[in-house]
Amino acid sequence: MADFTASVYQNEFLPEGGTDAHAIVTLACTGAGGAGQSGAGDAGEIIVVDTSRSMEAAGVAAAQYAAAAALDQILDGVWFAIVAGNHQARLCYPDGYSAAMVRMNGQTRQAAKDSLRQLRADGGTAMGTWLLAASQLFDTVPSLVQKHVILLTDGENQHESPEQLTRSINTVRGRFQCDCRGLGAAWQVEEVRRIAQALLGTVDLIPRREDMATEFESLMRTSMGRGVAEATLNVWAPQGAQVLFVRQVSPTLEDLTARRREVNPLTGAYPTGSWGDETRDYHVAVRLAPKGIGQEQLAARVQLMVGGQMVTQGLVKAKWSGDSGLTTQISPEVAHFTGQTELASSIQEGLAAKAVGDDATATAKLGRAVQLAAQTGDEAATDRLRRVVEIDDAATGTIRLRRDVAKLDEMALDTASTKTTRVKK
């Protein structure tokens with residue numbers, strides 16, 4: 001049975017009249033078990049493979065190998081299907097007519113691998129159509145409580161308007177989780193990131209075809225290790241308080257604020273998706289009614305709920321003090337993840353400005369990113385930034401834009417911008 005723990009990191013002290021309480025709530029899970037093997041309900045997996053013309057024969061062959069590697073990781077008993085996506089969505093397995101999912105076993109695993117041979121590169125790209133097809137497939141198995149998609153693309157969503165893609169994303173939001181991967185340099189990071197963020201998944205770059213199988217295998221292994229199908233973060237705040245935001249800040253950044261569902265007038269529920277054996281950090285900020293020196297108040301109660309039951313909780317507190325030595329301190333954890341959040345936005349905004357030729361904004365934003373990466377000790381981000389800019393002084397963020405930058409280096413920086421590092425103890 002899964003075991004959850006919670007830890008809260010904050011400076012509880014506010015100055016007289018102070019209003020905003022910030023805390024990092026660290027949640028850890030152990031003993032999660034395997035997908036579909038604990039708790040009520042089943043698990044389902046769908047692999048969506050881009051088979052548009054741009055994939056070419058070599059890309060499709062690599063995708064076949066990668067999908068087979070992912071199939072080997074799916075646990076027996078898990079429901080699954082394979083979708084071939086171009087400007088349409090075609091069911092590759094179990095077949096093109098039944099439009100249903102099947103349980104994994106030795107026979108269906110081999111049959112699914114055999115079905116991959118029929119994939120051919122042809123047509124365009126319509127990712128919204130792929131998402132709708134996945135949702136319809138999941139609907140064929142009412143017992144599913146854990147639903148996960150791996151989506152691969154190598155190009156832009158040219159056969160749907162942006163509005164069509166948005167409608168499709170909104171239609172399937174909350175129905176399943178989706179990890180998205182882009183192959184090569186011809187796809188649009190922001191476009192695919194929209195899908196991943198809306199569906200509580202990840203987005204990343206696969207630079208080369210030969211890297212695809214390892215990535216698919218890893219994604220599926222991680223999904224199969226998520227034995228807790230669904231959890232929500234319930235945040236209670238006192239009467240008259242305002243929850244400013246709730247953000248996942250590690251291992252990746254995800255702003256959950258707009259996903260709030262009212263539980264009661266004082267409590268909101270925020271989706272966290274499925275869990276394996278892992279640790280996640282959440283930044284919770286609450287605005288309180290100001291109080292005088294010496295007063296105390298519970299600022300927030302942060303509870304992780306599984307199956308309608310609380311499995312762990314952390315308390316965010318507030319104490320008003322006239323001691324500036326106490327009130328001016330910033331929690332190292334809050335400071336670190338605030339910096340990591342700004343780092344991600346600085347990278348994304350800097351690259352966007354660079355793409356449209358606004359060198360002044362790009363230099364300012366990417367310079368700030370270099371500075372923040374140095375301050376938060378994010379060496380991986382610094383290394384990725386070095387491939388895009390010349391760093392003259394990391395401490396001050398003094399940089400120069402490189403003129404001959406490989407597209408893949410820019411995309412690697414962009415896709416990794418939402419990956420964070422934890423506070424070094």
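Helices here are DSSP runs of H or I with at least four residues, strands are runs of E with at least two, and both are numbered from the N terminus. Counted that way, the chain has eleven helices and 20 strands.

A quick note on ground rules: this is a predicted model, with local features needing pLDDT of at least 70 and side-chain atom pairs counting only at pLDDT 80 or more, while totals for chains, interfaces and linings use all residues. Residues are numbered from 1 along each chain as its sequence is written, and side-chain values use heavy atoms, with hydrogens and water left out.

**Overall shape**

The C-alpha trace spans about 75 × 55 × 40 Å along its principal axes. The radius of gyration (taken over C-alpha atoms) is 23 Å, which agrees with the value near 22 Å for a compact globule of 425 residues; the globule rule is 2.2 Å times the number of residues to the power 0.38. Of those 425 residues, 51% count as buried. Buried means under 20% relative accessible area, exposed means over 50%, and partly exposed is in between, using a 1.4 Å probe and protein chains only.

**Rings and charges**

Now for the aromatics. Rings of Phe, Tyr and Trp (its six-membered ring) pair if their centres lie within 6.5 Å; planes under 30 degrees apart are stacked, over 60 edge-to-face, and the rest tilted. The whole structure has three such pairs. One of them is edge-to-face, because the ring planes of F4 and W275 stand at 80 degrees, with the centres 5.7 Å apart. This pair links distant parts of the chain, 271 residues apart: F4 sits in strand β1 (residues 3-9) and W275 in strand β15 (residues 267-275). Both F4 and W275 are buried.

F138 and F176 make a tilted pair, at 5.4 Å centre to centre and 45 degrees between the planes. F138 belongs to helix α3 (residues 127-138) and F176 to the loop between α4 (162-172) and β9 (177-183), so the pair ties together parts 38 residues apart in sequence. F138 and F176 are both buried too.

W275 has another partner: the charged end of R280 sits over its ring, 3.9 Å from the centre. R301 lies over the face of W236, at 4.7 Å from the ring centre. For a charge to sit over a ring, NZ of Lys or CZ of Arg must be within 6 Å of the ring centre and within 35 degrees of the ring normal.

**Empty space**

On a 1 Å grid over the protein atoms alone, a cavity is a set of points where a 1.4 Å probe fits but cannot get out; a pocket is an open set with protein on both sides within 12 Å along at least five of seven lines, and lining residues have an atom within 4 Å of a point. Points are joined across faces, edges and corners, and a volume is the space filled by probe spheres set on them.

The largest pocket comes to about 740 Å³. It has 34 lining residues, and D179, T202, R226, P251 and T252 are the closest to its centre. α6 gives the largest share of the lining, four residues. Elements supplying at least two residues each include β9, α5 (189-198), β10 (203-206), β15 and β16 (278-287).

There are also three cavities of 30 Å³ or more. The largest cavity has a volume of about 40 Å³, and its lining includes L343, I347, D378 and R384. Helices α8 (332-355) and α10 (379-386) each supply at least two of its lining residues.

Here are the two linings by class, where Ala, Val, Leu, Ile, Met, Phe, Trp, Tyr, Cys and Pro count as nonpolar, Asp, Glu, Lys and Arg as charged, and the others, Gly among them, as polar.

| Lining | Nonpolar | Polar | Charged |
|---|---|---|---|
| Largest pocket | eight residues | 15 residues | eleven residues |
| Largest cavity | five residues | one residue | three residues |

**Backbone oddities**

A cis peptide bond joins S250 and P251, with omega about 10 degrees. P251 lies in the loop between β12 (242-250) and β13 (254-255). Another cis bond joins Y93 and P94, with omega about 20 degrees, and P94 is in the loop between β6 (89-93) and β7 (102-103).

Two non-glycine residues are worth a look for phi. E56 has a positive phi near 60 degrees and lies in helix α1 (residues 56-71). L200 has a positive phi of about 50 degrees and is found in the loop between α5 and β10. E56 is partly exposed at 47% relative accessible area, and L200 is partly exposed at 22%.
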